[in-house]
Amino acid sequence: MSDIAVRVENLGKSYTISHTSGQLGRYKTLREDLVGALSWPLRRLQGKRATTKEQFWALRDVSFEVKHGEVIGLVGRNGAGKSTLLKILSQITEPTQGYADVYGRVGSLLEVGTGFHPELTGRENIFLNGAILGMTRSEVQSKFEEIVDFAGVEKFLDTPVKRFSSGMYMRLAFAVAAHLEPEILMVDEVLAVGDAAFQKKSLGKMSEVSKSGRTVIFVSHNLSAVKQLCNRGVLLSSGQVKLVADVDTVINEYLSNRESSGSIIDFTNYNNIYGNGELSVLSVELINAVGNDFVQPWDKPLELKFKFKVNQKLSNISFAISLQTLDEQDLFTVRSINQFNDGYDFEPSDEIKEVTVSIKHQLRAGYYTMTLGIATGNYSYFYRPMFARLEILDVGTDEYRFNNFGIVNCEAAWSPVYTTYSLQGEKV
């Protein structure tokens, strides 16, 4: 018998993206669609643009193998293709090219309540999931009390799960997936829905599962959890496998991955799939940079200068910049719309325009990533997640450095007056 649990060979998945000219970012009614279809020949003669389509590859030429009993972590930025890959392995969606062979009974937890029927009760869904996994009723019954106890939904067990909160839904779904003992367990980033206590409990269960000899494919932005649970990793970038190696090597490569060096990020060669070229971002500059890099002292404001060109008349444009930790946890987002009510209005021009933002922050020394978005309403003209890794330098004293921990700096005033009490509770 082969020791291979999952074999992926030249796997690819593509989608069709539509770009519509005219009124952008708005849903149309059926009547508008019918009128548009009938008037298309006339609009074509008048030279008006129609909807254009683009093929987008969420995955391309992905190949790797997972052995039985191996715990492997899928690592990558948002949009790298991790969830798409798990959906193909779970046979939820078909690949466009290549193939994926899975040898064993698969249990998947890709999003809250995967495989649950909303009209059925929690009790019924436990048995339904067991049947889907090919287990007998007696096998499910033997695990039933353990599942219910772990999920903590005893009071609502005979309530249709459509009435569950997202946290209850997730707890029961995870408990079923983890306790019904599939040979191969696939878990996407769903544990973030639960509270801190349940996340800790779930990671403990995942650790127990990973040591039981079962095969686990784990997707999470919690890199410490990936490092704790997995012995090997696959790094995905823009839908392709960048590295397959031991988990420490993969995580180090993921954290050190930068798309540009220097204090200016060049976007002129960036292929932007958002919009139709109405606005082109040329560069982003870190004004308070130390040397020729995206590095600055923690006691300086975060100042960024955006250079761009406008190719069509645009109205109510807002800029947004957000900061994340290296494991992609959002810290904050600032938007220009908060200051300029109706946003910016631009006329088409060959001139290079600039917008500068200055952000007062209390970030401590460390590494962060930045995301840039430019939009109006629901329509995005530009979106670039994790376009640069920012390093904040600690220029404080050793005393300050060793006595302050966490992500942000805080100022506190302590009173020098204190009160002493006797053992009887009386002031001394």
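Visitor: In strand 16, which residue is the bridge partner of Leu314?

Guide: Phe346 is the bridge partner of Leu314. Keep in mind that this model is predicted. To read a pairing, start with one residue, find its partner, then ask which way the two strands run. Here strand 14 (residues 314-325) and strand 16 (residues 344-346) run antiparallel, joined by 2 bridges.

Visitor: How many bridges pair strand 14 with strand 18?

Guide: There are 8, and strand 18 (residues 366-376) also pairs in the antiparallel sense. For a spot to look at, take Ser318, whose bridge partner in strand 18 is Ala375.

Visitor: And what about strand 15: how many bridges join it to strand 14?

Guide: Strand 15 (residues 330-335) is joined to strand 14 by 5 bridges, again antiparallel. Look for Ile321, which stands opposite Val334. These two strands make a hairpin with 4 residues between them, and in the turn Glu328 has a positive phi of about 70 degrees.

Visitor: Is strand 14 mostly covered or mostly open?

Guide: Mostly covered: 10 of its 12 residues are buried. Over the chain, 42% of the 428 residues count as buried.

Visitor: Now the outside. Which residues make the nonpolar surface patch of about 210 Å²?

Guide: Leu331, Ile407 and Val408 make that patch. Ile407 sits in the segment after helix 9 (398-402). With a relative accessible area of 39%, Ile407 is partly exposed, so it clears the patch cut-off of over 30%.

Visitor: What does the secondary structure of the chain come to?

Guide: It comes to 9 helices and 19 strands.

Key. Residues numbered from 1 in each chain as written. Predicted model: local features only at pLDDT ≥ 70, side-chain atom pairs only at ≥ 80, totals over all residues. Heavy atoms only, no water. Buried < 20%, exposed > 50% of the residue type's maximum accessible area, 1.4 Å probe, protein only. Patch = residues over 30% accessible without salt bridge, like charges linked within 9 Å, V, L, I, M, F, W, Y side chains within 5 Å. Areas by Shrake-Rupley, 256 points an atom, 1.4 Å probe, with all protein chains shown as cover. Salt bridge = Lys/Arg side-chain N within 4 Å of Asp/Glu carboxyl O. Pairing = 2+ DSSP bridges.
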